[in-house]
Amino acid sequence: MNRTAIQGWIFAVLALASLPFILPSDYYLGIATHALVLAILALSLDILIGQGGMSSLGHAVYLGVPAYAAAWTMQNAGLSPLPAIIFAIALGTATAALFAVLALRARGLGFLMITLALGQVMWGAAYRWVGLTGGDNGIRLATRPMVLGIDISSVRAYYVVVALALLVALVCIWHLDRSPFGACLRGTRDQPRRMRMLGHDVWRIRFLAFVFAGFWGSVAGVLYVFDYLYVSPSALSLPQSAEALLMVVLGGAGTLAGPVVGAIIITVIKTVVSSYVDRWYSLLGLTFIIVVSVMPQGIVPGVRGLLRGARK
Amino acid sequence: MATDALIINEINSFYGDSHVLHNVSLTLKEGELLALLGRNGAGKSTTLGTIMGWLKPRGGQISVFGEQIGGLAPELIVEKGVALVPQGRRVFPSLSVRENLMVAQIKRTKADKWNMERVFDTFPRLRERRAQAAASLSGGEQQMLAIGRALMSNPRVLLMDEPSEGLAPQIVAEVGRIIAGLRKEGLSIVLVEQNLDLALSLADHVTILNTGRVAATGTASAIADDHETLDRHLGVF
């Protein structure tokens, strides 16, 4: 591990640990929690985009499906929280495996359109299949459940859970990035033909990456439903998928910090700034245009470049 | 008698409708180096591409140490022990030197000769630069990385497509020494080269292609002395 990496990790841990003490109220800590849940979703999407070179517009599927699964099994099947969580993550990951088989028949724009279509199918099902999903009303949970005997009902306790989950996700994805598999995945992104020439099954590498991304998306999905205590078709919607994509692109694809930074900025604009500014959607658009024209690689690589320039 | 490492028997290859290789046959004996020569467009790279499985030959057989590989997918042909050092090097620019080698390190068994340490021992300059992105290497270093990467899959037959292309003369000499060293260790090599002197100095046998057909074949010394053949098919002398 080099010095920059160590500094980065220390900063991440300190920042996450100090937020509950810095933020003025539980309201803001709640927003921070929302941001971190979406940061995990964005990180999982970046496995596909940044490392795998596969841009997906259907990643909200892995947020919504496990969120519905956890809520439904607890509400209607009477499952206790832990089995419900495990089932939800397993179902989300299995959905990713199935959709990977369908989407990986194409590359580039075709891949994008298939993921978009699959996302819309799931959104349509959630919206129309009222008997299962409650349709537009969604499924509401009364309280945040006890998990493993730990009370996570307070905003602070739940923040700690999400922050720890984010750290675990960061460590796992960082590890993936540095592993031989990570090198193979970036190899397939850059030169798929060359990878076959080295004896690799390119499809298999992409499939595993897709499933891995689906797994971490599902973790975000379970955290999402316990965060809002509510899930509706919007969790599966195209705007939700697009937002995740925007977070990755804004923060910087292919970096560990980028998706987290993107998730925080977009959540802050959506929740905090929108209470002061009516046209916050325009503001979001404007932010995006400015960042992309000034730092086409995203904020994190852009700032890194500026710092390197300043040092010289 | 040496066994045959690679036999190509009467293969025909096509790019779409255009017939590129016409009944090409060649034989590489174990532990030898076969130079595959010819002008631009003679079919040298196409022959390598057909061996690697990029082009499916219509008719004919390709076998590696007696095993048929004609028509297999490239990744399966690699498993049979064939590796390619591609023309223009084609390292993964955004991966580090270490990662470039790591990517090639698949399905290893304990008896394998090549690992990262050994590649670094063979190419000390790669060890110095192991954490650098491959894009930042010089042409010669990228060529060494491409060779090292091919060796990481522990090939029994190594195909090299113009390893001296675009390199400074002293680097060409170094690459030549490396290839000679690999051959000395018993690796069977097919070398495609435009640099005639380099190819003739390294090769045991030579096959010359002209417009997709085998024009001449023989020992390196016989071909080197056959000025008429060299003149007619390669345009030298």
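Trainee: Which residues touch the most other members of the largest nonpolar core?
Mentor: In this predicted model, they are Ala39(A), Ile40(A), Leu159(B) and Leu191(B), out of 158 residues in that core. On the chain B side, both domain 1 (1-80 + 157-237) and domain 2 (82-154) give the core at least three residues each.

Trainee: Okay, and what is Ile40(A) in contact with, leaving aside its neighbours within four places in sequence?
Mentor: Ala165(A), Leu166(A) and Ala169(A), and then Trp216(A), Val219(A), Ala220(A) and Leu223(A).

Trainee: Why would nonpolar side chains be buried together?
Mentor: That is a tendency of nonpolar side chains in soluble globular proteins.

Trainee: Back to the chain B domains. What distance separates their centres?
Mentor: Taken over C-alpha atoms, the centres of domain 1 and domain 2 of chain B are 22 Å apart. Their contact involves 23 residues from domain 1 and 13 residues from domain 2.

Trainee: Which element gives the most to the domain 1 side of that contact?
Mentor: β7(B) does, with five residues. The elements giving two or more are α1 (44-52), α2 (74-79), β7 (157-161) and α7 (169-184) of chain B. By type, that side has 15 nonpolar, two polar and six charged residues.

Trainee: New topic: how many residues of chain B are in contact with chain A?
Mentor: 19 residues of chain B, and they meet 14 residues of chain A.

Trainee: And where does the largest share of the chain B side come from?
Mentor: From α2(B), which supplies four residues. Both α2 and α3 (97-103) of chain B supply at least two. The chain B side is made up of 12 nonpolar, three polar and four charged residues.

Notes:
Residues are numbered from 1 along each chain as its sequence is written. Chains are lettered from A and ligands numbered from 1 in the order in which they are written. This is a predicted model: local features need pLDDT of at least 70, side-chain atom pairs count only at pLDDT 80 or more; totals for chains, interfaces and linings use all residues. A nonpolar core is a set of buried Ala, Val, Leu, Ile, Met, Phe, Trp, Tyr and Cys residues joined through C-beta atoms within 7 Å. A residue is buried if 20 or more other C-beta atoms lie within 10 Å of its own, exposed if 12 or fewer, and partly exposed in between; C-beta atoms are placed from the backbone. Domain bounds come from an automatic or database domain assignment. Two residues are in contact if their C-beta atoms, placed from the backbone, lie within 7 Å. Ala, Val, Leu, Ile, Met, Phe, Trp, Tyr, Cys and Pro count as nonpolar, Asp, Glu, Lys and Arg as charged, and the others, Gly among them, as polar.
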